[in-house]
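Me: I should like to learn how to read a structure of this kind, feature by feature. Please give the general idea each time, and then the case at hand.

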Amino acid sequence: MKQVIIGSGAAGIAAAKTIRNINKNNDITIVSSDESIYSRCMLHKYTGHERDQTSLSFVPNDFFTTNNITWYPGESVLSIDTKNNHIQLQNKTLPYDNLLIATGSEAVIPNIGQLKTATNVYGYRHLTDAKTIREKAPNVKKILIVGAGLVGLDVAYALLKLKKPVIIVEMAPQILSLNIDSTAAAVYQKLFEQNGCTFRLNSKITNTQSNQNGEITHITLETGENIACDMVIVAAGVRPSTKLLEGSGIEYDRAIKVDPYLKTSCANVYAAGSVTGLGEIWQSAVKQGETAAKNMCNIKTQFTDTFTAKNTLNFFDLPTLSVGNINPESDDTVHIQTIPNSYKKIIIRNNIVTGIILQGNLNYSGIWQYLIKNKIDVSQLKKSLWSISFADFYGIDPDGQYKYDCPAANQK
Amino acid sequence: MSQIQRIMIDHTKCNGCKSCSLACMQAHRQDSGSLYDLDLTDGTNESRNSIQTDANGVYFPLFCRHCDDPQCVSACMSGAMTKNPENKLVQYDGKQCAACFMCVMNCPFGIIKPDNPTKTYVIKCDFCAKDKNGPNCVRACPNKAIYIEEVV
Ligand SMILES: Cc1cc2nc3c(=O)[nH]c(=O)nc-3n(C[C@H](O)[C@H](O)[C@H](O)COP(=O)(O)OP(=O)(O)OC[C@H]3O[C@@H](n4cnc5c(N)ncnc54)[C@H](O)[C@@H]3O)c2cc1C
Ligand code: SF4
Ligand code: SF4
Ligand code: SF4
């Protein structure tokens with residue numbers, strides 16, 4: 001059985017591991033545009049000279065030999081022939097019995113001014129991006145980042161460590177608007193500012209100016225103001241990598257369409273990870289990869305953990321967690337606790353916790369995702385919300401694994 | 001399936017003495033010494049287990065389960081948190097850890113946490129792997145509320 005995987009990110013590697021655990025004899029091949037295995041979530045540690053290429057890997061160095069996997073690094077798949085079951089590389093055709101598309105996402109560069117064509121504009125998705133930025137950083141004077149989301153702040157954090165002046169332009173009135181509320185965001189904003197970062201919030205870029213070398217020298221805001229810069233990093237969202245699907249017959253619109261078994265519209269072709277649009281977070285990609293792999297090994301398994309409204313951040317050794325809906329509606333109850341170095345906010349709707357933000361103190365906080373995801377009624381607990389722990393839901397199986405023991409009526 | 005060892009829990013026998021937590025702190029302290037000079041206020045000596053109470057004041061030992069399907073491992077983006085295929089322990093490599101704390105958010109039982117003083121690594125049960133006598137917490141428990149069993 002030839003199991004072929006396109007992509008060596010979270011989903012692709014998790015799938016390969018899973019197939020190998022299930023089946024010792026399958027032929028497993030991974031083809032990837034990446035030259036090496038690395039965690040995208042750690043790219044800023046490379047840019048900031050905290051890690052080298054080797055320590056960015058999230059698998060042991062001997063992963064491919066121990067698991068007996070054939071690996072084509074630095075090879076892009078150009079097209080997929082679903083009639084004859086093979087994929088097309090630059091100089092090679094590879095046949096498959098089962099194919100997994102785990103091609104992830106690409107940075108979106110908006111079509112404004114010369115952002116798409118200028119030679120000093122970068123996305124922040126691949127190690128090649130992090131490498132180029134790290135190489136050029138010593139010689140640039142002013143770096144402008146588009147977008148104050150997680151990725152924008154990741155790269156800013158790295159550049160500030162290198163003592164580079166950074167200016168971040170963001171359309172929303174606060175930073176990290178998708179992840180945390182304005183109170184928690186203001187704390188990070190101040191920390192970034194104290195370390196040399198400038199923010200332009202509520203600001204929309206409408207145009208750019210370039211020099212004769214095709215490099216952007218200024219970006220223009222809606223107000224007409226020009227901001228000088230000699231490097232632009234765009235962190236304004238991602239789009240599933242679907243280019244290789246053109247002409248394949250595999251159905252997709254923005255993302256690849258998959259059924260609950262993560263099979264695409266074509267026989268023997270599966271998809272997993274952020275290319276399915278089911279969630280742009282690491283754990284979701286891993287779980288999708290594992291699920292698709294089981295199905296590729298004829299172990300029928302549905303992908304069920306679709307809850308992805310969860311994030312952690314850690315800048316300047318100040319960690320933050322947010323789960324669920326962080327924007328309360330008018331009839332929600334909001335509980336806030338502020339003590340030095342810790343901010344906690346819990347949002348409750350109809351006796352059910354729908355969202356939480358914890359900044360500073362994440363101790364034993366794993367229960368919140370479970371309570372929110374499973375809509376557990378917490379109103380019957382005769383205890384302060386701030387002291388809830390797994391002790392309040394304690395259950396244990398005969399093999400010693402924990403389980404939640406909540407009165408059935410409490411589970412909506 | 002190979003067998004694994006797990007710390008089994010009979011919470012009805014726990015009287016909240018926290019001998020297990022002290023033993024864990026002592027086993028993981030960075031300086032040397034005996035239990036009698038262990039600095040309980042030094043954040044680097046944190047316990048990997050905890051005893052919590054429910055609303056009725058009943059004690060519950062909360063210990064890492066080294067789960068069969070560990071959510072902390074699937075959440076880990078650096079490869080620091082892994083399930084050992086041989087002994088089935090969920091192992092944490094502080095050097096590889098990137099301190100993103102996705103594992104903390106994803107442990108359904110809220111067992112793990114960032115270290116208090118620096119918030120740069122994860123406080124996680126290592127099954128006292130370095131100690132040839134095995135889990136210190138189990139040996140310290142006077143009530144046999146925690147004990148080791150082989151599970152298939
Ligand atoms: C800077 C940054 C920080 C992040 N931080 C976090 C975080 O803290 N927490 C979190 O949960 N998530 C974070 N994410 C998101 C997380 O990295 C993604 O959700 C995850 O990587 C998705 O995994 P994937 O396997 O689906 O795709 P990817 O990791 O993108 O992997 C896609 C793979 O496909 C390959 N590929 C693509 N097209 C082709 C082709 N045509 N031919 C061959 N190979 C191809 C690529 O080379 C790559 O190997 C971050 C992302 C970035 C960029
Ligand atoms: S940290 Fe939590 S999820 Fe991970 S093995 Fe321990 S109990 Fe299970
Ligand atoms: S904090 Fe460390 S061990 Fe936990 S998920 Fe992040 S990298 Fe992995
Ligand atoms: S086994 Fe060791 S590390 Fe784990 S809780 Fe017990 S004493 Fe602590």
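**Strands, ligand shells, contacts and core**

Reply: Let us start with strand pairing, bearing in mind that this is a predicted model. In chain A, strand S13 (residues 205–210) and strand S14 (residues 216–221) are antiparallel partners, paired over 5 bridges. To fix the register, look for A:Ser210, which stands opposite A:Ile216 in S14(A).

Me: How many residues lie between S13(A) and S14(A) in the hairpin?

Reply: The hairpin has 5 residues between the two strands, and A:Gly214 in the turn has a positive phi of about 75°. Continue along the chain to strand S15 (residues 226–228) of chain A, which pairs with S14(A) in the antiparallel sense over 3 bridges. Here A:Thr220 stands opposite A:Asn226 in S15(A). S14(A) and S15(A) also form a hairpin, with 4 residues between them. In that turn A:Gly224 has a positive phi, of about 95°.

Me: Let us turn to the ligands. Where does ligand 1 lie, and which residues are closest to it?

Reply: To read a binding site, one locates the ligand, lists its shell and then asks which elements supply that shell. Ligand 1 lies between chains A and B. The shell consists of 36 residues, of which A:Gly7, A:Gly9, A:Gly104, A:Gly273 and A:Ile281 are the closest.

Me: Which helices of chain A each supply at least two residues of that shell?

Reply: They are helix H1 (10–22), helix H5 (150–161) and helix H7 (282–296). At the level of domains, domain 1 (2–106 + 238–296) and domain 2 (121–234) of chain A each give at least three residues to the shell. By class, the shell around ligand 1 has 18 nonpolar, 13 polar and 5 charged residues.

Me: What is the composition of the shell around ligand 3 by class?

Reply: That shell has 14 nonpolar residues, 1 polar residue and no charged residues. It comprises 15 residues, and the closest are B:Cys76, B:Ser78, B:Cys97, B:Cys100 and B:Cys103.

Me: How many residues of chain A are in contact with chain B?

Reply: For an interface, one counts both sides and then traces each side to its elements. Here 39 residues of chain A are in contact with 38 residues of chain B. On the chain A side, H7, strand S19 (310–315), strand S20 (318–324), helix H8 (367–373) and strand S24 (394–396) each supply at least two residues. H7(A) gives the largest share, 4 residues. By class, this side of chain A has 19 nonpolar, 12 polar and 8 charged residues.

Me: How far apart are the C-alpha centres of the two domains of chain B?

Reply: Chain B is divided into domain 1 (1–63 + 128–152) and domain 2 (67–124), and their C-alpha centres lie 18 Å apart. The contact takes 6 residues from domain 1 and 9 residues from domain 2 of chain B. The domain 1 side of that contact has 2 nonpolar, 2 polar and 2 charged residues.

Me: Finally, how does one read a nonpolar core?

Reply: In soluble globular proteins, nonpolar side chains tend to be buried together. In this model the largest nonpolar core has 155 residues, and those that touch the most other members are A:Ala15, A:Leu100, A:Ile145, A:Ala156, A:Ile233, A:Ala272 and B:Cys103. H5(A) supplies the largest share of this core, 8 residues.

Me: Which residues does A:Ala15 touch?

Reply: Leaving aside residues up to four places away in sequence, A:Ala15 touches A:Ile5, A:Leu100, A:Ala102, A:Ala272, A:Gly289, A:Glu290, A:Ala292 and A:Ala293.

Methods: Residues numbered from 1 in each chain as written. Chains lettered and ligands numbered in written order. Predicted model: local features only at pLDDT ≥ 70, side-chain atom pairs only at ≥ 80, totals over all residues. Near = placed C-beta within 6 Å. Nonpolar A, V, L, I, M, F, W, Y, C, P; charged D, E, K, R; others polar. Domains from an automatic or database assignment. Pairing = 2+ DSSP bridges. Contact = placed C-beta atoms within 7 Å. Core = buried A, V, L, I, M, F, W, Y, C linked by C-beta atoms within 7 Å. Buried ≥ 20, exposed ≤ 12 C-beta atoms within 10 Å, placed from the backbone.
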